[in-house]
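Reader: I've got this one open on my screen and I'd like a close look at a single part of it. Could you walk me through it, and then tell me what else is worth a glance?

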Amino acid sequence: MRALDQFAAVLRKDLTIEFRSRDILYPMALFSFLLVVVFSFAFLSDRGKARDYGPGIVWVTVLFSATVGLNRLFDRERENGCLWSLLLAPVSAGAVFLAKVVGHLLFTGLMEALTLPLILLFFDLAVVDVPVFLAAIALGTVGVSLVGTLFSAMLMNARMKEVLLPLVTYPVLVPVVIAGVKVTALGVGAPLAEEPGPWLRFLVGFDMVFGVVTLLLFDRMVRA
Amino acid sequence: MKTGRFEDLTNAQAGLAAAAAVAVVAALVAVFFVAPSEATLGISQKIFYFHVGSAIHMMLLFALCGLCGLAYLGLGGRPGRATAIVDGLGVATAEVGVVLGAIVLVTGPLWARKAWGTWWTWEPRLTLSLMVFLLFLAYLALRAFAGSDRFGRGVASGLAVIGLPALYFIHFAVERWGGAHPQVVFKGGLQNPGMRVAFYASLAAMSLVSATLVSVRLRVEMLKGQLDALYLALDRRSAGG
């Protein structure tokens, strides 16, 4: 159970720093709030179309705001070479990686808890299938956090990392957005001739495959 | 002192380049003089021969690029000849892949305008080609901006590796997502023998052209590595007095 202790220790450290400084949560939450307001002005000329745009706006907001968090996720590990010290310590790289993923998931989840109700409110959407809606958000966010955290860590010291990160992660995350938008649309009662089941299974598959792949790659890439 | 354009190539590469040139001419002859014009699409269908050839080779190069990334990470980025080759091959396949992708994405809409009456549809294969192209571009952006040191190479290799399962998921998703769009016309295969000749000729030509470009690009990358090593040795010598 040593890996679990290491995981818990890194996560506790990150959460403690975050809840004292709030330098990831505040920018993320504010940015997502602003995005929703901008989207409202851009798309709400026709009230009847709100249901068509809503699911897409949910996912653009989640993706963009998650990126803001990802850009900052490893900032405090960069100073004084913290990440390398962390990895030099006799801990498993996988535990450090998973702690970072879960940290980002928690921050993104908090941001979503604030923003998604606002989108539902502004766009006058009603969630008709709550479990499906929540499952789509949760599973999609896990995929975003897994892929995003891997490249956020790898690009920590790169020039122009704020530009490179979305450039690299968004093509990989296209399937999550496609599936997420579909299931979210079904969750808010869009008249689609589809079942949410296959798309949810698809998201579970994505999370599982990329959970394994990113874990293995993180280990290899920090050694390379 | 070797200065000429062809002398810079090794003999094998010069042979490959010559074969590619012959194959391209042969393929053009086959496309325009052996294969008949398609009944409904007319002359515009001729673009198909190079369009499909480019698309197939783009996918092959993408897979190769991913395997190179895997091998690079498997070697742990240790300096050495194997790492240099794998790394150089990764860049070479990505750059040639981008060129082929550009060909696919230009010829595709041109043909689609004639065949389907629209420049672009979110048809599964079209979408997949676009995503491969974007992944290649991201890979090259990483190589260009994330630093050419071991670190930047490691990140780019990671992207190439993660691109392989990502492509599988993208393929699956766009296939389901774009279900209502028109299907590719050539599900039944090529019935006409003349067309089949032209198709395989252009496929072979694209193979030879891709192989030539990749091998030349790989050589450039290897020479670059040697040059860097020489500069390093020179620096060390002058520093040592």
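Reader: Let's take G94(A): is it buried, exposed or partly exposed, and why?

Author: Bear in mind that this is a predicted model. G94(A) comes out as partly exposed, because 16 other C-beta atoms lie within 10 Å, and a residue needs 20 or more to be buried, while 12 or fewer would make it exposed. As for where it sits, G94(A) belongs to helix α6 of chain A, which covers residues 93-122. Now look at what surrounds it. Leaving aside residues up to four places away in sequence, G94(A) touches L215(A) and D219(A). L217(A) is worth finding too: 123 residues separate it from G94(A) in sequence, yet their C-alpha atoms are 9.7 Å apart in space.

Now swing over to chain B. Its helix α3 takes in residues 81-115, 35 residues in total. From first C-alpha to last, α3(B) reaches 49 Å, close to the 51 Å you'd expect at 1.5 Å a residue. After α3(B) comes G117(B), with a positive phi near 80°.

Then there's the place where the two chains meet. Here 27 residues of chain B are in contact with 24 residues of chain A. On the chain B side, α4 (124-145) and α5 (150-177) each supply at least two residues. α5(B) gives the most, with 15 residues. Sorted by class, that side of chain B has 21 nonpolar residues, 5 polar and 1 charged.

Notes:
Residues are numbered from 1 along each chain as its sequence is written. Chains are lettered from A and ligands numbered from 1 in the order in which they are written. This is a predicted model: local features need pLDDT of at least 70, side-chain atom pairs count only at pLDDT 80 or more; totals for chains, interfaces and linings use all residues. Helices (H or I, at least four residues) and strands (E, at least two) are DSSP runs, numbered from the N terminus. The expected span of a helix is 1.5 Å times one less than its number of residues. Two residues are in contact if their C-beta atoms, placed from the backbone, lie within 7 Å. Ala, Val, Leu, Ile, Met, Phe, Trp, Tyr, Cys and Pro count as nonpolar, Asp, Glu, Lys and Arg as charged, and the others, Gly among them, as polar.
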